[in-house]
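Good morning, colleagues. I should like to take you through one structure, element by element, and I ask that you keep the sequence and the model in view as I speak.

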Amino acid sequence: MVLQQALADLNAAYRNYFASRNGKRKGPKVEKPGFRSRKDARQAIRFSVNARFKVLPNGNLRLPKIGDVPVRWSRPLPSDPSSVTVIRDSADRYFASFVVQTGPRSLPAVEPVVGVDLGLKHFAVLSDGRKISAPRFLRCAEQLLKRRQRDLSRKRKDSRNRDKARVKVARAHARVGDARRDFHHQLSTALIRDNQAVAVENLAVKALGRTRLAKSVHDAGWSSFVAMLEYKARLYGRGFHRIGRFTPTSQTCSACGTKDGPKPLHVRAWQCPSCGAWLDRDINAAVNVAKAAGLAVTACGAVVRPGPALADRGEAGTHPKSHQKMA
Ligand SMILES: [Zn+2]
């Protein structure tokens, strides 16, 4: 049964490839199915209903020829599954992924709409003025990853110890990925729940990934975040807009619409020459993203207090001793 399933998958892969070659299939070109790598530690097996897998009342999963497997469920299944895929990833973790039927879930309608500007300093800046700082998962874990990788490279090839070290590297990477995914899920769910429509800028992630910022760009993981926003919007019946990446979001005043040309990156706030509003660069961009998508947001979040005020002498000291001297 399982081998038949693998054959069916291969058949589907070839069908997609030929359809793509003939131009019958929409979307990006599909490559010829490739061989699996001997070094790829990821394994997957799929059981369809015909293979007679079964979810037991005690929560275990009964698989043909394997037996009863205990499962830690992440959520209850909304319907009877039509197939289950058991995956072992490179960190030696096992996952069971079910195909189920779900109806559209809807959330109560809400008023606000929001534009989102994605960046590196702040992961996201919202058109209502909120700034969400960027947790730098990979950067934080870099020390540990480096050590694990070094341990691995010191092990003899094809040895048992090398295999163990490889799993440790994979586990460290998996932890980074899990933390990032969790952050994306929480933020995207909150945005979709609290807003009737969400607009984001279509970023050139591939191009940015080739620059010096590459590591930070990939660490932020904008693409997977935007993909989450999109599918959650569809799932919950919210609006989702992606605006073109050549919309001049940082050149236009979000209060009056005057376009006053590009500004160097270090300019974080400026005054609009025609209406005199002080604008925060990031929030102004987020408001413009929302406006470009046709969402009605107010620009008030983008307007900031004029100029930085000088701090009092007491506030200005950063060293504890400067306070002592004053006393
Ligand atoms: Zn203006």
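Which residue follows α7, and what is the sign of its phi? The residue is Gly-294, and its phi is positive, near 85°.

Before going on, some conventions. This is a predicted model, in which local features need pLDDT of at least 70 and side-chain atom pairs count only at pLDDT 80 or more, while totals for chains, interfaces and linings use all residues. Residues are numbered from 1 along each chain as its sequence is written.

The chain as a whole comes to 9 helices and 13 strands; helices (H or I, at least four residues) and strands (E, at least two) are DSSP runs, numbered from the N terminus. Of its 327 residues, 21% count as buried. Here a residue is buried if 20 or more other C-beta atoms lie within 10 Å of its own, exposed if 12 or fewer, and partly exposed in between, with C-beta atoms placed from the backbone. Among contacts between residues at least 6 apart in sequence, 59% join residues at least 24 apart; a contact requires C-beta atoms, placed from the backbone, to lie within 7 Å.

Let me return to α7, which covers residues 281-292. Its 12 residues should span 16 Å at 1.5 Å a residue, and the end C-alpha atoms are indeed 16 Å apart; the expected span is 1.5 Å times one less than the number of residues. Because 11 of the 12 residues are buried, α7 is largely enclosed by the rest of the structure. Among the buried residues are Arg-281, Asp-282 and Lys-291, together with Ile-283 and Val-287.

Now to helix α6, residues 222-236. The expected span for its 15 residues is 21 Å, in agreement with the 21 Å between its end C-alpha atoms. Its buried residues are Trp-222, Phe-225, Val-226, Leu-229 and Ala-233. Seen down the axis, they fall within an arc of 95°, so they line one face of the helix; the arc is that of the directions from the helix axis to the C-beta atoms. On the face turned away from that buried side are the exposed residues Tyr-231 and Arg-234. Gly-237 follows α6, with a positive phi near 70°.

Trp-222 also leads us to strand β7, since one residue there touches it. Leu-118 lies in β7 (residues 113-118) and counts as buried, with 22 C-beta neighbours inside 10 Å. Beyond four places in sequence, Leu-118 is in contact with Phe-123, Ala-124, Val-200, Glu-201, Leu-203 and Trp-222.By contrast of topic, consider Ser-79, in the loop between β4 (67-69) and β5 (83-88). With 11 C-beta neighbours inside 10 Å, Ser-79 counts as exposed. Its contacts beyond four places in sequence are Val-100 and Gln-101.

Finally, a helix pair. The axes of α2 (residues 137-153) and α3 (residues 160-194) come within 9 Å and cross at roughly 175°; axes are lines fitted to C-alpha atoms, for helices over the stretch in contact, and angles run from 0 to 180 degrees between N-to-C directions. α2 is therefore roughly antiparallel to α3, a term for angles over 145 degrees. Thank you.

Technical notes
Angles under 35 degrees count as roughly parallel, over 145 as roughly antiparallel, 65 to 115 as roughly perpendicular and the rest as oblique. Two residues are in contact if their C-beta atoms, placed from the backbone, lie within 7 Å.
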